[in-house]
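Please look over the sequence and the model shown below. The report that follows describes the chain as a whole and then turns to one of its helices.

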Amino acid sequence: MPQTTTPRLLPSQRVVQVCLFVVAFIAMSGGALQLYLGEPETTPRLDNIHRFMAGVYFSCGVIGLWAGITIRQQGTLIYLLALAVFLGGVGRLVSMSIVGIPEPHASWLRYVIPELLIPVIIVISHRISNKQSSAS
């Protein structure tokens, strides 16, 4: 019986996949932690909203994980995930410009930089993948 082998991922697909796995890990671990911790030192309304958004955050991580696993079948979803991460980073920038950078400053800046850069890497690499796949 002949063996069928799955074609290797293009290097650009591997870059997208690794970025998605990183995003998935961050969103799932951060979402789970925030679901558990909540925001107890505030009003019940804000804690409720915080935990709701933590659930959304966790779920985006699950979607990112699934997209990374099934990278060959994904198209627009990759761009939408990149947009979600980028807008999260923009949200942090808006918060920092209005109410300031939380303490410790360096930690929060380390969060926002990848949230703005990783989506750009994903979009560029995914576009390269699409062009290379079309050329084949």
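How far apart are the mean positions of the positive and negative charges of the chain? The chain has 9 positive and 5 negative charges, and their mean positions lie 23 Å apart. This value, like the others here, comes from a predicted model.

The chain contains four helices and zero strands. Read from the N terminus, the order of elements is α-α-α-α. Some values for the chain are listed here.

| Property of the chain | Value |
|---|---|
| Span of the C-alpha trace along its principal axes | about 65 × 30 × 20 Å |
| Exposed area | about 9,200 Å² |
| Share of exposed area from carbon and sulfur atoms | 69% |
| Share of buried residues among the 136 residues | 28% |

Of the contacts with a separation of 6 or more, 65% are between residues 24 or more positions apart.

Helix α3 covers residues 76–99, which is 24 residues. A helix of this length should span 34 Å at 1.5 Å a residue, because the expected span is 1.5 Å times one less than the number of residues. The C-alpha atoms at the ends of α3 are 34 Å apart, so the expected and computed values agree.

Which residues of α3 are buried? They are I78, L81, A82, V85, G89 and M96. The cover over these buried residues includes α1 (11–37), α2 (44–69) and α4 (105–135). After α3 comes G100, which has a positive phi, near 100°.

Note on methods: Residues numbered from 1 in each chain as written. Predicted model: local features only at pLDDT ≥ 70, side-chain atom pairs only at ≥ 80, totals over all residues. Heavy atoms only, no water. Helix = DSSP H or I, 4+ residues; strand = E, 2+ residues; numbered from the N terminus. Buried < 20%, exposed > 50% of the residue type's maximum accessible area, 1.4 Å probe, protein only. Contact = heavy atoms within 4.5 Å. Areas by Shrake-Rupley, 256 points an atom, 1.4 Å probe, with all protein chains shown as cover. Lys, Arg positive; Asp, Glu negative; His and termini not counted. Charge placed at Lys NZ, Arg CZ, Asp CG, Glu CD.
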